[in-house]
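The following paragraphs lead through a protein structure, beginning at the end of one helix and proceeding to other parts of the chain. The reader is asked to keep the sequence and the coordinates in view.

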Amino acid sequence: MMDERPVVVLGAGINGAALARELALSGVPVAVVDADDVACGATAWSTRLIHGGLRYLEYGEIGLVRESLAERDRLVRLAPHLVAPLPFYVPLRGRLGGLPAAAARLVGLEGLARRWRPARGRGTWTVGTGLALYDLLASDSRAPRHRTVRAGAAGLPRVDREAFAWGCIYSDAQLLYPERFTVELLVDARRAAAETGAACDVFTHCRAALLPGGVLRLTGTVDQAVVDLRPAALVNATGAWVDRTLAAVFSSGAADAGGRRLIGGTKGSHLLLRAPRLRAALAEHGVYAEAADGRPVFVLPFGPELVLVGTTDIPFTGDPATARADDAEIDYLLAAAARLFPDVAPGRDELQQHYCGVRPLPAARALGGSPAAVTRRHMLVRHAEAPLPAWSIVGGKLTTCRSLAETAAKEVLAALGRPVLGSSRERPLPGACAGESRLEALRETESLVRQGEGWGVDPAAVAERMVAVFGGRAAAAAAGIATRPGGIRGSVLPRAAVEFCVREEWARTLGDVVERRLMLAFDTGLGRDTLTDVAAVLAELGLVSRTDVGREAEACTRQLAARYGRRLAQGPGHGPEEEP
Ligand SMILES: Cc1cc2nc3c(=O)[nH]c(=O)nc-3n(C[C@H](O)[C@H](O)[C@H](O)COP(=O)(O)OP(=O)(O)OC[C@H]3O[C@@H](n4cnc5c(N)ncnc54)[C@H](O)[C@@H]3O)c2cc1C
């Protein structure tokens, strides 16, 4: 008889969610447990690119780049509502720079590579060679091949032409909302489980501890509810928290043989700028360049209004939840953008918010002392001394979440003596829509909005935003408009969408809805009224006491200020936000 005890996946980031889906596809019961919410770690604090990782070529990570490029194309196909191709522009000063340094790096001489760093940055030959290899490794891809161009041609980003006379153009992709992608992985895990007859449960906001006798006790941090699970196996997919989780869950401390440290994280900060002139200068390209110190920086379009600038790479040993962008990082990133776009240099007054995350990198000593040189490849570490089959996932990227899950599931299933029965290779995410199916989702959602009472917002704009957030599930998310009419102030979204996130997507707190379901935390119109409206729906659903709506909104306002440096105005029409 099959063992029907679940495989417990600790951590509902992109990797934990992808693994749960993969296991459910093979008919294995699975329980996903997160100490906080779905996608509230590095998944949400990333640069949000689905990319091959051009610069990893210099470190000889050919296999990683090939895998990432294949996954990039797959995700564009299987999740077109969330993963969109994006052309990239690399501004360059000259032709020859960087060849010796790149060669040194390729043979592992990082120290020498840094000594030989070209004062004028990499040139067209170095970058062009890398991009030719990038194209070769993606030879099955439909993405356009790279080309070298003179700066200043129409349709290119308007970088400083005097300083950067040349440029290379290549293709990668952007995942604007990895939070939504992760939620959909879990929605699909639940679907897969229903198809295969297995159970798939998701527990958020709870602490896990392994008790003697193999019971994993979950204690709710919001409601103090206690649930006991009896796992067949445990996978620690808690990203930068991996070592802390081992210490917290296994009473004996780190369950790794020898108790060695697995993670050596670095923090990376990003800025979200409301800088219309810089946004226009990007001309719908991402710009990938070197900062003054030679580090890579991205200046990216973030929806139609905002610009995302990232990132830094600084060793970090504290609790990943406490990592914040500091003043020096904000100045550094503003200076990096200004160096590229001096005519439209962004100022602090254009900073809408910032965010910071910790990369779950393996605790290898950085080559030549450079955090950038630590491998981005993932590893599955088996804990031979644990009282049950247990592994930790170390490293990984958004881009490779599916292939990582495939490899990890194979190993877990083999250890449990179960076959691999399903595959995610050609399985679209639940909200996948493009072309005609996207138009259909828009039409259906708009028609639902028109049938409702309305709240002074153009139904077409509501449908557009709902499809941007929920993809092909937009109409289902809007279906409650008839019974829960009205909109959320400061956004175009309907109040009914909050209920959908609670009922279908495991949202439990105001922060869950605002930051990781409806993506309101990034809306330019976000105000305190927005938070009050969402909290009021949560109160109607019994998740917040009716008398606590104001207090909840206030607490969330403080959280947004602390985490993102975002200070909210009283609400739309109440004047500009205070400066971050
Ligand atoms: C600055 C930065 C930029 C990046 N940019 C990119 C990029 O552009 N493209 C790309 O492909 N990759 C990028 N990455 C890498 C990518 O974001 C991460 O590798 C990936 O998100 C890791 O996902 P995860 O699920 O392993 O971890 P996380 O997303 O960190 O999830 C871990 C989860 O574990 C939970 N947790 C913690 N402790 C416990 C516990 N004791 N019990 C249960 N749950 C717990 C947390 O609440 C969290 O939800 C970037 C990373 C950073 C930090």
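Immediately after helix α12, Gly-471 adopts a positive phi of about 60°. Helices here are DSSP runs of H or I with at least four residues, strands are DSSP runs of E with at least two, and both are numbered from the N terminus. The model is a predicted one, in which local features need pLDDT of at least 70 and side-chain atom pairs count only at pLDDT 80 or more, while totals for chains, interfaces and linings use all residues. Residues are numbered from 1 along each chain as its sequence is written, and side-chain values use heavy atoms, with hydrogens and water left out.

Helix α12 itself comprises 12 residues, 459-470, and its first and last C-alpha atoms are 16 Å apart, close to the 16 Å expected at 1.5 Å a residue; the expected span is 1.5 Å times one less than the number of residues. At the N-terminal end, Asp-458 acts as a cap, with a side-chain oxygen 3.0 Å from the backbone nitrogen of Ala-460. The buried residues of α12 include Val-462, Ala-463, Met-466 and Val-467, where buried means under 20% relative accessible area, exposed means over 50%, and partly exposed lies in between (1.4 Å probe, protein chains only). An α-helix has 3.6 residues a turn, so residues three or four places apart point the same way. Among the elements that cover the buried residues of α12 are α6 (178-196), α11 (436-451), α13 (474-478) and α14 (496-505).

Helix α5 offers a second case. Its 14 residues, 124-137, should span 20 Å at 1.5 Å a residue, and the end C-alpha atoms lie 19 Å apart, which agrees. Buried positions in α5 include Thr-124, Val-127, Leu-131 and Tyr-134.

The description now turns to strands. Strand β1 (residues 7-10) runs parallel to β2, to which it is joined by four bridges; two strands pair if DSSP finds at least two bridges between them. Within this pairing, Val-9 has Val-32 of β2 as its bridge partner. Together with helix α1 (residues 14-25), β1 and β2 form a right-handed β-α-β unit: with the strands pointing away from the viewer, the path from the first strand over the helix to the second runs clockwise. Strand β2 also pairs with β7 (residues 200-203), in the parallel sense and over four bridges, and Val-30 stands opposite Cys-200 of β7. Both faces of β2 (residues 30-33) are covered, with Val-30 and Val-32 buried on one side and Ala-31 and Val-33 buried on the other.

In the loop between β7 and β8 (206-211) lies His-205, a residue other than glycine whose phi is nevertheless positive, near 55°. His-205 is buried because its relative accessible area is 6%. Another unusual backbone feature is the cis peptide bond from Gly-310 to Thr-311, with omega near 5°; Thr-311 belongs to the loop between β15 (306-310) and β16 (314-315).

Two buried side chains illustrate contacts across the sequence. Tyr-355 lies in strand β17 (residues 351-359), and it counts as buried because its relative accessibility is 1%. Although Tyr-355 and Ser-46 are 309 residues apart in sequence, their C-alpha atoms are 8.9 Å apart. The side chain of Tyr-355 reaches the backbone oxygen of Ser-46 at 2.7 Å and makes a polar contact of 3.0 Å with the side chain of Arg-48. A polar contact is a pair of N or O atoms within 3.5 Å; within protein, one must be able to donate a hydrogen and the other to accept it, and residues adjacent in sequence count only if both atoms are side-chain atoms. Arg-516, in helix α15 (residues 510-516), is counted as buried because its relative accessibility is 5%. Its side chain makes a polar contact of 2.7 Å with that of Asp-37. The residues touched by Arg-516 include Val-38, Glu-179 and Arg-563, contact meaning heavy atoms within 4.5 Å.

The ligand is surrounded by 35 residues, the closest being Asp-34, Thr-43, Leu-49, Gly-396 and Thr-399; a residue is near the ligand if one of its heavy atoms lies within 4 Å of it. An N or O atom in the side chain of Thr-43 is 2.5 Å from a ligand oxygen atom. A backbone N or O atom of Ile-14 lies 3.1 Å from an oxygen atom of the ligand.
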